[in-house]
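Colleague: Got a minute to go through this one with me? Put it up and let's start with a helix.

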Amino acid sequence: MARHCRAMVARLWARLRMGCPPHELQGWHLSPGMAGVRLAHAGAANRLQQDYDAVVIGAGHNGLVAAAYLQQAVRTAVLEKRHVLGGAAVTEEIVPGFKFARASYLLSLLRPQIYTELELQRHGLRVPRNPYSFTPLLEDRNPPRSLLLGHNLAQTQQQIAQFSRKGQAYPEYEAFMGGLVSALDLLLDAPTVDTALGQGSLFQRLKSLRALWPLLRAPAPAEPCRSHATSPPPGLAMGRQLPHYYEVLSPISKILNQWFESEPLKATLATDTVIGAMASPHTPGSGYVLLHHVMGELEGQRGAWGYVAGGMGALSQAIARQQPAQGAHIIAEKAVSHVMLGTDGRAQGVVLAGWNRMKSKLVLSNASPQITFLELIPQEQLQDFVQRIQLDTRSPVTKINVAVDRLPNFLGPNACDGQPLPHHQCSIHLNCEDTNLLHQAFTEATHGHFSRRPMIELCIPSALDPGLAPQGCHVVSLFTQYTPYLLVDGQPWDEQTRNAYADTVFDCIEAYAPGFKASVIARDILTPPDIDRIFGLPGGNSFHIGMSLDQLYFARPAPSYSDYRSPIPGLYLCGSGAHPGGGVMGSSRRNAARVALKDFRHL
């Protein structure tokens with residue numbers, strides 16, 4: 001099977017060198033220098049006008065969601081600097097025949113309202129996973145143990161019983177977290193509460209108070225460690241449970257220690273608190289990041305994550321595909337140089353690279369707050385606001401996309417004749433036997449070194465979506481940390497350093513899955529500077545700015561500017577740097593479009 005896979009890839013390379021894109025590659029973006037097809041709307045550039053009601057900067061999934069709502073009411077254009085739509089939610093064929101979700105790789109957080117209102121469910125994009133988490137252990141016993149978590153509660157408790165006497169607490173823990181998430185859930189689909197409630201006329205104050213309604217509707221979480229947890233009481237009862245919400249301010253390790261004594265279980269659960277964050281399980285406030293990652297749902301299953309059929313780019317394409325029919329123009333390779341301002345300081349459109357001007361009454365930026373305000377706006381227009389957006393953008397993530405000629409075989413359960421087993425569809429957690437291992441990896445990065453035993457989340461989407469790779473082959477996604485953006489003593493992330501880190505990651509995987517390194521056909525290494533450069537994510541941070549408590553809700557991106565408006569009238573933020581934050585969620589984009597349209601009616 002491996003020989004067959006490698007032979008197929010060799011044929012694809014040969015046909016590409018001859019300038020003949022094989023039929024297997026039609027419709028997919030190929031890397032620079034390779035023959036391919038752009039994922040932009042044919043003829044859209046020819047229809048580009050000089051005057052629109054709204055212009056969206058950036059055709060990432062967030063910008064596309066904002067445009068989908070805008071174009072229902074006003075003439076809209078979306079401008080993307082790359083040659084492929086989707087931002088970080090893209091599918092790219094960086095190895096012939098292998099289709100990678102090159103940056104974002106899992107789906108859960110996209111709001112159910114967006115699925116319904118944009119009719120995304122008819123595309124059949126979502127691929128649920130059950131079980132969803134697999135943690136193999138390196139230990140001196142035969143066979144070595146592993147932890148498999150899924151939606152079957154009885155089976156999950158049996159798995160936990162290998163390591164813990166507190167398996168019966170797991171459903172109570174999930175109910176506790178579910179209660180916390182239920183309260184936050186109501187805050188995701190509306191602008192934040194006005195921080196100036198005590199200012200303005202009586203009418204303005206009463207109007208602002210309406211924003212508090214979601215808080216009053218929010219249920220309280222179930223109390224921890226109850227033998228008979230009851231349904232959380234709704235409404236004002238939430239106030240009596242504030243101590244439980246306060247726990248989010250503590251390190252997640254402290255919260256998990258209250259529930260469980262098993263290190264493999266605690267470390268596995270803790271991965272969701274630190275993934276994508278320059279933080280350790282012992283960092284105060286890390287509990288919120290866990291809530292952010294479990295607040296999504298898939299096929300009605302709270303906290304579930306799954307794949308997108310065809311890779312994450314298929315989601316972006318599904319959102320984009322319906323818009324030209326309704327009048328929106330989505331154009332690739334149209335970089336915005338800066339936002340055009342009138343004499344009154346109001347946004348009046350954008351200037352493209354090459355100095356072509358495009359007028360509009362509304363400008364929505366899907367770029368990060370730093371790029372929007374520090375690169376696209378004259379600094380004299382922002383005055384002291386410039387200092388208020390000196391934000392923490394640190395990211396520890398290096399993403400490695402790998403083409404392999406066989407399915408990895410992990411210690412313990414293995415594939416049968418190359419056919420995937422349930423654990424192959426999971427997020428596979430490596431170097432996660434102990435929360436102290438995660439903390440040690442974090443500590444190394446804070447001193448400017450990449451982790452010698454990095455936290456690795458390994459996913460094999462082709463185990464459920466075989467069309468992503470040639471027959472018998474697979475695509476492997478490695479979401480790894482911790483790697484600092486700036487290495488010690490100014491050492492660059494050059495090719496030698498990038499490969500040294502990737503080799504460290506592969507050595508770790510080899511210990512859990514012998515034979516993995518021999519199966520590798522090619523790899524694509526994206527360090528934090530690479531992610532910054534390619535996808536326009538400052539610091540390599542997929543959330544645009546960190547998800548720490550001082551950069552959330554009415555402080556995102558800055559106090560008094562969390563309602564998607566900006567110091568520049570007519571300019572709005574609609575990306576991950578706005579409330580409620582990052583991930584393939586869509587909330588800020590839907591909310592921003594509604595706020596902008598509301599203002600548009602008063603122009």
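Colleague: Helix α2, residues 61-70: mostly covered or not covered?
Modeller: Mostly covered: ten of the ten residues in α2 are buried, where buried means under 20% relative accessible area with a 1.4 Å probe, counting protein chains only. Among them are His-61, Asn-62, Tyr-69 and Leu-70. Helices here are DSSP runs of H or I with at least four residues, strands are E runs of at least two, and both are numbered from the N terminus.

Colleague: Is this a predicted model, and what are the ground rules?
Modeller: This is a predicted model, where local features need pLDDT of at least 70, side-chain atom pairs count only at pLDDT 80 or more, and totals for chains, interfaces and linings use all residues. Residues are numbered from 1 along each chain as its sequence is written, and side-chain values use heavy atoms, with hydrogens and water left out.

Colleague: What is the mean pLDDT of the chain?
Modeller: The mean is 81, and 77% of the residues reach 70 or more; pLDDT is the predictor's confidence in each residue, from 0 to 100. Over residues 15-43 the pLDDT is below 50, and that stretch has 57 contacts in the model beyond near neighbours in sequence. Contact means heavy atoms within 4.5 Å. Residues 222-237 are also below 50, with 27 such contacts.

Colleague: Back to α2. Which strands make a β-α-β unit with α2?
Modeller: β2 and β3, and the unit is right-handed: with the strands pointing away from the viewer, the path from the first strand over the helix to the second runs clockwise. β2 (residues 51-57) pairs with β3 in the parallel sense over four bridges, and pairing takes at least two DSSP bridges. Ala-54 sits opposite Thr-76 of β3.

Colleague: What else does β3 pair with?
Modeller: β12 (residues 329-331), also parallel, through three bridges. Val-78 has Ile-330 as its bridge partner there.

Colleague: And the faces of β3, covered or open?
Modeller: Both are covered, with Thr-76 and Val-78 buried on one side and Ala-77 and Leu-79 buried on the other. In a regular strand the side chains alternate between the two faces of the sheet.

Colleague: New topic: where is Phe-479?
Modeller: In strand β19, residues 474-481. Phe-479 is buried, because its relative accessible area is 11%. Beyond neighbours within four places in sequence, its contacts include Tyr-105, Ile-275, Val-397 and Met-455.

Colleague: How far is Phe-479 from Glu-457?
Modeller: They are 22 residues apart in sequence and 5.1 Å apart in space, C-alpha to C-alpha.

Methods: Buried < 20%, exposed > 50% of the residue type's maximum accessible area, 1.4 Å probe, protein only.
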